[in-house]
Amino acid sequence: MSAIHSRAFLVIDGLERLPRDAYVQQELRSLLDALEDRGGTLLVTSTQAAGTLRNLTVDVRSRLSAGLMLQLLPPGDAAKQQILRQASGALGRLLSDEAARRLAAGIRGTPSDLFGALFELFADRSNWTGGDVRCVERYLGRLAARRPALRNILQAVAKYCAVPQKLIKSSSRRQSVVTARSITVYLSRELAGLSYERIGAALGGRDHSTIMHSHRKIERQLTRDLATRTAIEELSRTVAANC
């Protein structure tokens, strides 16, 4: 630990996974103070703002909140393809352009999600027959079979937002209901990969354009509203854990 304390620049990736252990929190607090005293630099990454992380103690959150925070959006398709090509090359199994394109289109989320998909893809040696495009297609097929059902998403959103499922499906325009409905739409699209038509039919027979509007509304809010981003991240983890 003393070697870490002597660093002038330190990176901690995935701060939200740090255990809420008294010793760990004390060491982190000590590390932050030591870096500040030396004029060092600390770079941390997390799925939500450090000041909102429940696994950190109040004093640690306070120290981290004093720094500069940058919110990064998930990579677009072109960036995802480039990440997959470079990562697969580094692993000694370079994906073709078409395989990278299909895998990028089938995986939503952060670069960590892309790396996880790539490791899963390469881990199954029996899958590597018939070329990498066919391998990616088979992998995405198995991934689709593990996707959550809309009813599971609806149940999770209703509980998280404290809004009954029947109200989410109703014509109510109450703000809390509209928000819960929009989140359901977004997660059904992103996690379950359902079409706008399928989602609309399940949510009271709403038309394609209305569902698309709800999805894009949450996409916009994710870029500027921390509460929305936090809700989506927590619900995504909850739904994934219950699949």
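Trainee: What makes the length of helix α13 (residues 226–241) close to the expected one?

Mentor: Helix α13 has 16 residues and reaches 23 Å from its first C-alpha to its last, close to the 22 Å expected at 1.5 Å a residue. The expected span is 1.5 Å times one less than the number of residues, and helices here are DSSP runs of H or I with at least four residues, numbered from the N terminus. This is a predicted model, where local features need pLDDT of at least 70, side-chain atom pairs count only at pLDDT 80 or more, and totals for chains, interfaces and linings use all residues. Residues are numbered from 1 along each chain as its sequence is written, and side-chain values use heavy atoms, leaving out hydrogens and water.

Trainee: R229 lies in α13. Why is R229 called buried or exposed?

Mentor: R229 has a relative accessible area of 17%. Buried means under 20%, exposed over 50% and partly exposed in between, with a 1.4 Å probe and protein chains only, so R229 is buried. Leaving aside neighbours within four places in sequence, R229 is in contact (heavy atoms within 4.5 Å) with T47, Q71, L72 and L222. Other buried residues of α13 include I232, L235 and V239, and the cover over the buried residues of α13 includes α8, α10 and α12 (208–222).

Trainee: And R29, in helix α2 (residues 22–38): what class does R29 count as?

Mentor: Partly exposed, because its relative accessibility is 22%. R29 touches T57, D59, V60 and R63, not counting residues up to four places away in sequence. The C-alpha atoms of R29 and R61 are separated by 9.5 Å, although the two are 32 residues apart along the chain.

Trainee: How do you know how α8 and α10 (residues 175–190) lie against each other?

Mentor: Two packed helices are described by the angle between their axes and the distance between the axes. Here the axes come within 9 Å and cross at roughly 145°. The contact is made by L150, I153, L154, V157 and C161 of α8 with A180, I183, T184, L187 and S188 of α10.

Trainee: How many nonpolar, polar and charged residues has that contact?

Mentor: It has 8 nonpolar, 2 polar and no charged residues.

Trainee: What about A162, in the loop between α8 (150–161) and α9 (165–169)? Why is A162 called buried or exposed?

Mentor: A162 is exposed, because its relative accessible area is 68%. A162 also has a positive phi of about 55°, although it is not a glycine.

Notes:
Axes are lines fitted to C-alpha atoms, for helices over the stretch in contact, and angles run from 0 to 180 degrees between N-to-C directions. Helices (H or I, at least four residues) and strands (E, at least two) are DSSP runs, numbered from the N terminus. Ala, Val, Leu, Ile, Met, Phe, Trp, Tyr, Cys and Pro count as nonpolar, Asp, Glu, Lys and Arg as charged, and the others, Gly among them, as polar.
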